[in-house]
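These are my notes from going through the structure, beginning with confidence and then turning to the contact between chains and the salt bridges.

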Amino acid sequence: MALTYHLQVVNLLAALLLLISFAMLSQRRIVNLVTLFAWQGAALSASTAIVAWSTGQHHLYWSAGLTLLLKVIVMPWFFYRLVRQLDVNRDVEAMLNIPTTMLIGIALVIFAFNLALPISQMSGTVTRSTLGIAMACVLLAFLMMITRRKAITQVIGFLAMENSLFFAATSATYGMPLVVEMGVALDVLVGVFVLGIFFFQIRETFDSLDLRHMEKLKER
Amino acid sequence: MEIYWLLGIPLAGGVFLALWGNRRHAPEINALFSLLTLIAAAALTARIVEHGPIIVGGEGWFFIDSLNVFLVALTAFVAFTTALFSRPYMRIEQEHGRLNAQRLRLYHSSYQVFIAAMLLALTTNNMGILWVSMEAATLATVLLVSLYRTPASLEAAWKYFILCGVGIAQALFGTILLYFAAEKVLGSGGTALLWTHLNGVKAQLEPTVLQLAFVFLLLGYGTKVGLAPLHNWLPDAHAEGPTPVSAVLSGLLLNVALYAVMRSKVLVDGAQGNNMAGGLMMGFGLLSVVLAAFLIKRQSDVKRMFAYSSIEHMGLITFAFGMGGPVASFAGLLHMTMHSLTKSAIFFAVGHATQKAGTQSMDGIRGLIKTNPTIGWGLMLGSIAILGVPPFGVFASEFLIITTAMHEHAWATPFLVVALGVAFAAIFGKVQPMVFGETELPRLPHQPALAPVFIHLGLVLMLGLFIPPYLATWYRQAAALLGG
């Protein structure tokens with residue numbers, strides 16, 4: 001009985017994740033996007049912790065803690081600082097208008113559920129039903145990366161994708177081995193700092209973080 | 001024991017050079033650390049040759065067999081010669097004012113970290129750590145590609161980061177699926193992603209999941225190999241980064257990414273029983289060969305042209321491994337060696353040529369044979385070697401690949417032959433005036449240090465004429481590990 005109760009909370013958090021993914025897709029301002037990203041991290045961390053508690057997989061606590069530390073505290077803080085220092089908090093210009101993006105997003109969700117069906121049937125975890133949501137979040141983050149022009153939004157899209165992949169790992173297999181999760185977290189952290197340096201380089205050279213300036217290298 | 005030295009030396013080198021900064025002799029220290037890494041690699045190789053495959057550390061963190069020890073040796077060797085080449089090259093770049101001391105510090109430190117990440121990717125037994133180190137290798141090189149801080153180089157580095165980042169995220173999903181399949185057989189925990197364990201139970205792994213996992217792994221690591229149509233980052237990153245970085249990206253990183261695909265393929269083949277993985281690799285490989293060959297014709301930037309040539313050759317190697325079987329795998333491994341050695345040699349020569357001419361545009365580089373015969377001959381011989389003219393080793397491996405294709409997949413032969421022909425005409429037609437064309441420029445006062453070029457080309461020539469028996473045995477063992 002207790003297990004079904006926990007499961008419902010996990011399902012609720014999964015639904016929240018999907019909702020946040022859609023909210024990110026429709027968000028126009030970078031600061032709000034960072035906030036949403038932090039919330040996504042929080043939902044992910046909470047659901048991981050609940051799965052850890054209800055199934056007794058202790059290494060998942062580490063994973064939840066790591067997510068909380070990196071994706072709810074360190075990275076959003078870093079991004080807020082970056083946005084302030086680089087002064088880029090204007091409207092994000094999307095390449096497609098928002099309603100069209102949302103419609104494509106809905107189609108992607110349906111596609112993701114179909115794709116996840118055979119795998120989740122094979123899975124033995126109690127959380128298998130959320131695998132479809134995880135895949136949908138991956139695809140939505142991907143869509144966000146494609147349709148946005150600012151460098152910072154692309155990176156947030158990339159990190160959202162990484163969040164969703166972690167969620168997929170938790171729902172299909174109760175998380176990857178700890179050493180791998182630590183390694184992935186380290187890579188992501190280093191990656192974000194490398195990008196921080198990189199943003200300043202881009203701005204110094206182009207006076208903007210808009211990627212339209214960066215379309216010179218093409219096959220002629 | 002050697003394995004810890006092998007990984008520890010470049011890592012320590014990265015830290016040390018970051019602290020040492022722009023004090024005197026930093027380039028020499030860089031070369032020294034690379035030399036020590038090469039010695040450790042040689043010791044490891046000697047041990048594998050003597051004792052056979054080994055599993056080292058804890059639950060079996062490292063696994064070294066004939067397949068990866070050969071790549072370890074190759075990586076350490078090219079890393080060392082590139083460090084030798086970069087010493088005078090980067091000094092001249094600094095004199096030209098394209099680099100300052102601070103960026104050189106970044107360059108030296110990242111270079112060592114990059115080598116360490118690649119060696120970790122090659123020696124680790126854990127498919128998850130393999131992913132982690134591939135990503136670390138990308139991160140170490142992003143800031144190297146943008147080292148000149150020109151608009152074009154920043155764009156190239158951004159493209160490199162985002163495309164490879166998305167690609168590698170696919171590979172992470174593939175790894176998750178692999179773990180998902182493995183966990184059912186091996187139980188959860190750290191050992192379920194160890195390649196040796198997976199290899200032992202590969203016949204029991206769920207074929208559908210593994211099939212899906214392989215698709216994601218191929219797309220993910222394939223982006224880093226530069227397989228068409230995922231190759232967009234590669235020409236930009238090679239053309240805009242400093243030449244030593246182009247040389248190691250082309251000569252080493254692509255190999256390491258392909259190694260990850262090969263390890264995955266062995267698992268899928270075992271689970272599946274049919275040749276789905278091989279078919280996919282053949283398809284992507286063939287597409288890369290054909291597309292790259294026709295794009296070579298349209299290039300005007302010399303480094304870009306040779307970057308497309310790398311795509312072509314990686315495609316050919318992927319195609320060979322896709323065919324499978326002892327001869328094709330042997331040829332693939334041989335071609336991997338030849339391509340690494342030849343392509344890095346070409347980039348060394350091209351680096352000096354562009355430095356003297358002050359431009360990367362091929363129209364601006366003329367008459368190298370008059371202004372500097374060493375560079376001219378280096379570039380000409382390198383190009384001839386990469387185009388597969390006998391007696392260079394590339395001829396032997398390409399010949400083996402094409403004859404095997406004729407036997408087993410006759411439909412692919414015309415595509416391969418036409419593509420190689422087009423690439424030949426395009427590259428030769430463009431290199432010829434660069435070397436023998438008319439020029440008004442005077443002879444250069446000083447000789448460039450091009451010993452690495454001729455060492456590499458000498459090895460390629462030697463392997464084309466005669467492969468020592470122990471080396472042939474070694475290649476055969478490695479090919480057998482690939483299921484040949």
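What pLDDT does chain A average, and what share of the residues score at least 70? I am working with a predicted model, and I find that chain A averages 83, with 92% of the residues at 70 or above. Among the elements of chain A, I noted the lowest mean pLDDT for H7(A), at 84, and the highest for helix H2 (residues 30–55), at 90.

I then looked up the interface, where 43 residues of chain A are in contact with 49 residues of chain B. The two chains bury about 4,000 Å² between them, 75% of it on carbon and sulfur atoms, and I count 0 salt bridges between chain A and chain B, alongside 3 residue pairs in polar contact. H7(A) gives the most to the side of chain A that touches chain B, with 16 residues, and by class that side has 29 nonpolar, 8 polar and 6 charged residues.

For salt bridges, my search of the whole structure gave 10 over all chains. In chain A, A:Glu162 pairs with A:Lys71, the closest N and O atoms being 2.8 Å apart; the two residues sit in helix H6 and helix H3 of chain A, 91 residues apart, and both are buried.

In chain B, I recorded a salt bridge between B:Asp236 and B:Lys159 at 2.6 Å, N to O. B:Asp236 lies in helix H9 and B:Lys159 in helix H6 of chain B, so the pair ties together parts that are 77 residues apart in sequence. B:Asp236 is buried, at 0% relative accessible area, whereas B:Lys159 counts as partly exposed at 22%. B:Arg304 is linked with both of them in a network of salt bridges.

Key. Residues are numbered from 1 along each chain as its sequence is written. Chains are lettered from A and ligands numbered from 1 in the order in which they are written. This is a predicted model: local features need pLDDT of at least 70, side-chain atom pairs count only at pLDDT 80 or more; totals for chains, interfaces and linings use all residues. Side-chain values use heavy atoms; hydrogens and water are left out. Contact means heavy atoms within 4.5 Å. Buried area is the accessible area (1.4 Å probe) that two parts lose on being put together, summed over both. A salt bridge is a side-chain nitrogen of Lys or Arg within 4 Å of a carboxyl oxygen of Asp or Glu. A polar contact is a pair of N or O atoms within 3.5 Å; within protein, one must be able to donate a hydrogen and the other to accept it, and residues adjacent in sequence count only if both atoms are side-chain atoms. Helices (H or I, at least four residues) and strands (E, at least two) are DSSP runs, numbered from the N terminus. Ala, Val, Leu, Ile, Met, Phe, Trp, Tyr, Cys and Pro count as nonpolar, Asp, Glu, Lys and Arg as charged, and the others, Gly among them, as polar. pLDDT is the predictor's confidence in each residue, from 0 to 100. Buried means under 20% relative accessible area, exposed over 50%, partly exposed in between (1.4 Å probe, protein chains only).
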